[in-house]
Amino acid sequence: GEWAVRVVPWSRELPGAWRALHTSAVCAKNRAARVRVGKGDKPVTYEEAHPPHYIAHRKGWLSLHTGNLDGEEHAAERTVEDFFLRKFMLGTFPGCLADQLVLKRRANQVEICALVLRQLPAHKFYFLVGYSETLLSHFYKCPVRLHLQTVPAKVVYKYI
Amino acid sequence: MAAGASARCLSVRGALRLPLRCRWAGVCEPERGCRFYSKSAALPKDEGTDVTGIEQVVIPKKKTWDKVAVLQALASTVNRDPTAVPYTFQDDPYLIPTSSVESRSFLLAKKSGENAAKFIINSHPKYFQKDIAEPHIPCLMPEYFEPQIEDVSEAALKERIKLKKVKAAVDMFDQLLQAGTAVSLETTNSLLDLLCYYGDQEPPADFYFQQTEKSEELEQTTEENNKRASVKAAHQAGVTWKARNNAERIFALMPEKTARSYCTMIRGMVKHRAYAQALDLYTELLNSRLRADVHTFNALIEARALMANEKFEEKWNGMLELLKHMSVQKVKPNLQTFNTLLKCLRRFHAFGRMPALQTLREMKAIGIEPSLATYHHIIQVFYQPGSSAKAPSLIIYDIVNELAGKAFSPKDLDDDMFFQSAMSVCSSLRDLELAYEVHGLLNTGDNRKFIGPDLRRNFYYSKFFGLLCLMEHIDVTLKWYKDLIPSVFFPHSQVLIGLLQALDVANRLEVIPQIWKDSKEYGHTYRSNLREEILMLMARDKHPAELQAAFADCAADIRSTYESQEARQTAPDWPATPLNCVAILLLRAGRTQEAWLVVAPTRDRAI
């Protein structure tokens, strides 16, 4: 612009007189669900290692419901429920979840499939299973079932 | 061209797999084109024109199916999976129980988790009010346990009765009387119901957890102890009817007493073991010219039988008199009447046999269908545990013949004790055919649910499997072993020792290493009698080379369990016999170095 010509480079010594305007288009990097590459010592699971454009190619979905099909309703409610369920399970099984939950909705039931580490003795797992199933069933007014699969440690796919 | 068209028709129809007749029909009449018609639609037309004098077509009545009929039909095609655990457990090797103690503790943990969740839901009901279920599901809403109405009124009393708050209800009743308001007869009767049901105590908060822990040692005691222990555990321990308690006080305060009030009081007294008072109250009822109902008569029969200091004949005559009163007052007996009679006859030992048969005949004459509990009581009357050594009665055969092929529905609280007593009789009679018939009855229809809780199921299958080991051919026994263990019950060491002895008799000792491996999974790693039995059987004779090698591996494994057991506990003695057996087995397989290690450390100990 015109006034930009008036700004002389050596006037930078004057405090507060220099202004610049970034005039090119913005192109931010995609950061969604991606683990940034490190030095080669960061273990990642299969789920974390694949960015979201691999869904339906190398990955499946973490939440399965029919709300997003044509003519179906309440997709937003399903998403909010998913958020709540994930936060709830993260808090109820502290430090035990080895991977993201898989939520399946079948008829009026919700099935939570969790991969857990063997941090707690088995009877404590059963206590938490009974507790979460009952609490979530009463909260959502539908049968909620929990399916656990235990692994000794997080299943590493590669080291980034 | 016709052939070409028909060939195309043929290929299309061939793809659809129509019956041959239609295909040939198509070829014979190509001008009809590719018309599809089913075989059955073609038939009646031909028949109607050709055959004269056909019968009337009877259109059957429209069947109404249950909502879950399709699911039930599908379920009937699927058998039990002998490799899976019951569905209440999570299907994961870390979370599958390996012994009956573990399975009980997991189920209790799950239940206590549910109770914890219910506690939180009921303490914060405002977060669980949003009702998105269509139709409404009442069991998923929070419950209110605290009475809401605070003022002194009859509605408040009714609410406290509904919430089963015994003390609060009695206090409210007293306050109402002091304030001078009359309480209606209906409410007083329901207050009496509450008091008599709970015996003037608060309802127990954790009834489910009151049953005592049954460890394996207890299971291994004799049958008698088992039955006695379970009877004691089932009895409401310690709640006896105190004289002049709230129920009696309120009963005395009532201006008019209906038959219902008397009946409730009598039933409450009998439940809490105040038999003489119950019978006295009954005479008072008769003096007031009121009629008792059938449940009260059942309670009175029980009271008559349990009164102390009377001989059997007098008690039986008393019970017969009560039955006569029943017919005079025109009260029809029900299934519970006869079951109570039979249950009380159990205590009369040998005297009870004739009356029991008479009762059964009377039942059939009136037309009441006996339930499994009836047959259980009859078995108990005829096969007293620890009775004399006379020839045992053969009534069990009649019973099983009568019950063959019948599917039962639950009608009495004691229905689930039938299979346990039947199988124990089969086991004492050593009759395998009868045991198979009883097991067949268990698998008819839905009778599986009458097997009862864990302890009874274990008892039943232990007896069944023990009988199989004794009497059946070894291949069949091993098949049952794979089928039943561990998916149906966890065997205790006596059962496994029985199996080992059966293997010994049938000369199939090569299965022993497999049995040892399985026993470790069921929690018997440190069970001394089992280990000694295994070692003795293996070490007794010499065997061909590879079998000897397998035995030596097994022996080394058992030795390592002895060592690890020692490391955990402080210095128990190594018994001599297993040591000898281990050493012999290792030597026979040529592992002299290890055998030396077995013998050498014990040089310091006194053998």
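Student: Leaving aside neighbours within four places in sequence, which residues is Phe419(B) in contact with?
Tutor: This is a predicted model, so side-chain atom pairs count only at pLDDT 80 or more. Phe419(B) is among the residues with the most contacts inside the largest nonpolar core. Beyond its sequence neighbours, its contacts are Leu372(B), Val438(B), Leu441(B), Leu442(B), Asn447(B), Phe450(B), Ile451(B) and Tyr460(B).

Student: How many residues does the largest nonpolar core have?
Tutor: Its residues with the most contacts are Met265(B), Phe418(B), Phe419(B), Phe465(B) and Leu484(B). A second, separate core includes Leu101(A), Cys142(A), Leu146(A) and Phe128(B), and has 32 residues. The largest core has 135 residues.

Student: What is the secondary structure of chain B?
Tutor: Chain B has 607 residues, and 39% of them are buried. Among its contacts with a separation of 6 or more, 66% join residues 24 or more positions apart. The secondary structure comes to 29 helices and 0 strands.

Student: In what order do the strands of the open sheet in chain A run?
Tutor: The sheet has 4 strands, and the pairing is mixed. Strand S2 (63-64) and S5 are the edge strands, each pairing on one side only. The order is S2-S3-S4-S5.

Student: Which residue of S3(A) is the bridge partner of Ser63(A)?
Tutor: S2(A) and strand S3 (residues 102-106) of chain A run parallel, joined by 2 bridges. Within S3(A), the partner of Ser63(A) is Leu103(A).

Student: Which residue in S5(A) does Val116(A) stand opposite?
Tutor: Strand S4 (residues 109-117) and strand S5 (residues 144-151) of chain A pair in the parallel sense over 8 bridges. Across that pairing, the residue opposite Val116(A) is Thr150(A).

Student: What is the hand of the β-α-β unit that S4(A) and S5(A) make with helix H4 of chain A?
Tutor: S4(A) and S5(A) are parallel partners. Helix H4 covers residues 122-140 of chain A and completes the unit with them. The unit is right-handed.

Student: How much area do chain B and chain A bury between them?
Tutor: The contact involves 28 residues of chain B and 25 residues of chain A. Carbon and sulfur atoms carry 69% of the buried area. The two chains bury about 2,300 Å².

Student: Which three residues supply 28% of the area that chain B buries against chain A?
Tutor: No other three residues supply more of chain B's share. They are Gln90(B), Tyr94(B) and Leu140(B).

Student: How many salt bridges are there between chain B and chain A?
Tutor: The whole structure has 22 salt bridges over all chains. Some are linked in a network, which takes in Arg78(A), Glu81(A), Asp82(A) and Arg105(A). Between chain B and chain A the count is 0.

Student: Why does the salt bridge of Lys364(B) with Glu402(B) tie together separate parts of the sequence, and how many residues apart are they?
Tutor: The closest N and O atoms of Lys364(B) and Glu402(B) are 3.4 Å apart. Lys364(B) lies in helix H17 (residues 353-366) of chain B and Glu402(B) in helix H19 (residues 395-403), so the pair ties together parts whose separation in sequence is 38 residues.

Student: Is Lys364(B) buried, partly exposed or exposed?
Tutor: Buried means under 20% relative accessible area, and exposed means over 50%. The relative accessible area of Lys364(B) is 41%, so this residue falls in between. Its partner Glu402(B), at 35%, is classed likewise as partly exposed. Lys364(B) is partly exposed.

Student: How far apart are the closest N and O atoms of Arg508(B) and Asp475(B)?
Tutor: Arg508(B) is partly exposed at 24% relative accessible area. Asp475(B) is partly exposed at 37%. Their salt bridge brings the closest N and O atoms to 2.9 Å.

Student: Which residue forms a salt bridge with Asp557(B)?
Tutor: The closest N and O atoms of the pair are 2.6 Å apart. Asp557(B) sits in helix H27 (residues 545-568) of chain B, and its partner sits in helix H25, 37 residues away in sequence. The partner is Lys520(B).

Student: How far apart in space are Asp193(B) and Ser261(B), C-alpha to C-alpha?
Tutor: Asp193(B) is in helix H8 (residues 185-198) of chain B. Setting aside neighbours within four places, Asp193(B) contacts Arg260(B) and Thr264(B). Asp193(B) and Ser261(B) are 68 residues apart in sequence, and in space the distance is 8.2 Å.

Definitions and conventions: Residues numbered from 1 in each chain as written. Chains lettered and ligands numbered in written order. Predicted model: local features only at pLDDT ≥ 70, side-chain atom pairs only at ≥ 80, totals over all residues. Heavy atoms only, no water. Pairing = 2+ DSSP bridges. Right-handed = clockwise from strand over helix to strand, strands pointing away. Core = buried A, V, L, I, M, F, W, Y, C linked by side-chain atoms within 4.5 Å. Buried < 20%, exposed > 50% of the residue type's maximum accessible area, 1.4 Å probe, protein only. Contact = heavy atoms within 4.5 Å. Buried area = accessible area lost by both parts, 1.4 Å probe. Salt bridge = Lys/Arg side-chain N within 4 Å of Asp/Glu carboxyl O.
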